[in-house]
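Q: Got a minute to walk through this one with me? I'd like to start with the strands and then jump around a bit.

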Amino acid sequence: TGIQRFRPAIYGVLIQDGQVLLVRAPKTFLGVVGFPGGGIEPGEAPLDALRREFTEETGLAVEPVRVLWATNKLHRARLNPTQQLLATHWEVRLVGGTFRPEGNGDDVETAFFCSLHTLPVDEMLGVDLEVVPLLLTLSGR
């Protein structure tokens, strides 16, 4: 299969008024759109990674509410195909911070809210696309 290592990642799904918060990577990271979050560092608790990554990427502080989805398909990192992505998506609630739509100057070019019914699925990675059908069922809340 050519897989040499796993990359565990955790992502936050913040839904407000039928809109979900997404982030866009710069062109150096292929310009893909996804949910705020990222890799869990060695020795880091997954929920600490979720809080850290979400704040780094959006400026917002969140608290995890519940697990929404865990990866169930094989996904390779686009920039490093020998790396297999394992992801968990958590529903999160906003607890503070200051929203930074301009991103973080690193791996996020912009952060934006998007209707659950107009998600840019053509620009999203498979690891995030897995959770999209479930999100559509949550939009009534």
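What follows is a chat about strand pairing, a glutamate and an aromatic pair.

A: Sure. Keep in mind that this is a predicted model.

Q: Okay. Which way do β1 and β8 run relative to each other, parallel or antiparallel?
A: Parallel. β1 covers residues 5–13, β8 covers residues 83–97, and nine bridges hold the pairing.

Q: Where can I see that register?
A: Look at Arg5, which sits opposite Gln83 in β8. Phe6 has Gln84 as its bridge partner in β8.

Q: And what about β1 and β5, how many bridges there?
A: Three, and those two strands run antiparallel, with β5 spanning residues 37–39. One spot to click on is Ile10, opposite Gly38 in β5.

Q: Back to β8. How many bridges does β6 make with β8?
A: Nine, in the antiparallel sense; β6 is residues 60–70. Leu60 faces Gly97 of β8 there.

Q: What about β7, how does that strand pair with β8?
A: β7 is residues 75–76, and two bridges join β7 to β8, antiparallel. His75 is partnered with Leu85 in β8. The two strands make a hairpin, with six residues between them.

Q: Switching topic: Glu57. Which helix is that in?
A: Helix α1, which runs over residues 46–58.

Q: Is Glu57 buried or exposed?
A: Buried, and without a salt bridge.

Q: Huh. Why does Arg7 not count as a salt-bridge partner?
A: Because a salt bridge needs the nitrogen and the carboxyl oxygen within 4 Å. Arg7 is the nearest side chain of opposite charge to Glu57, and it is 7.2 Å away.

Q: So what does Glu57 touch, leaving out neighbours within four places in sequence?
A: Its contacts include Val23, Phe35, Pro36 and Gly37. Among the others are Arg100, Asn104, Asp107 and Ala111.

Q: Last thing, aromatics. How many aromatic pairs turn up in the whole structure?
A: One. The rings belong to Phe99 and Phe113, with centres 5.7 Å apart and planes at 55 degrees, so the pair counts as tilted.

Q: Where do Phe99 and Phe113 sit along the chain?
A: Phe99 is in the loop between β8 and β9, while Phe113 is in strand β9 itself (110–115). They are 14 residues apart, and the pair links distant parts of the chain.

Q: And how accessible is each ring's residue?
A: Phe99 is partly exposed, at 30% relative accessible area. Phe113 is partly exposed too, with 29% relative accessibility.

Key: Residues numbered from 1 in each chain as written. Predicted model: local features only at pLDDT ≥ 70, side-chain atom pairs only at ≥ 80, totals over all residues. Heavy atoms only, no water. Pairing = 2+ DSSP bridges. Helix = DSSP H or I, 4+ residues; strand = E, 2+ residues; numbered from the N terminus. Buried < 20%, exposed > 50% of the residue type's maximum accessible area, 1.4 Å probe, protein only. Lys, Arg positive; Asp, Glu negative; His and termini not counted. Contact = heavy atoms within 4.5 Å. Phe/Tyr/Trp six-rings, centres within 6.5 Å; stacked < 30°, edge-to-face > 60°.
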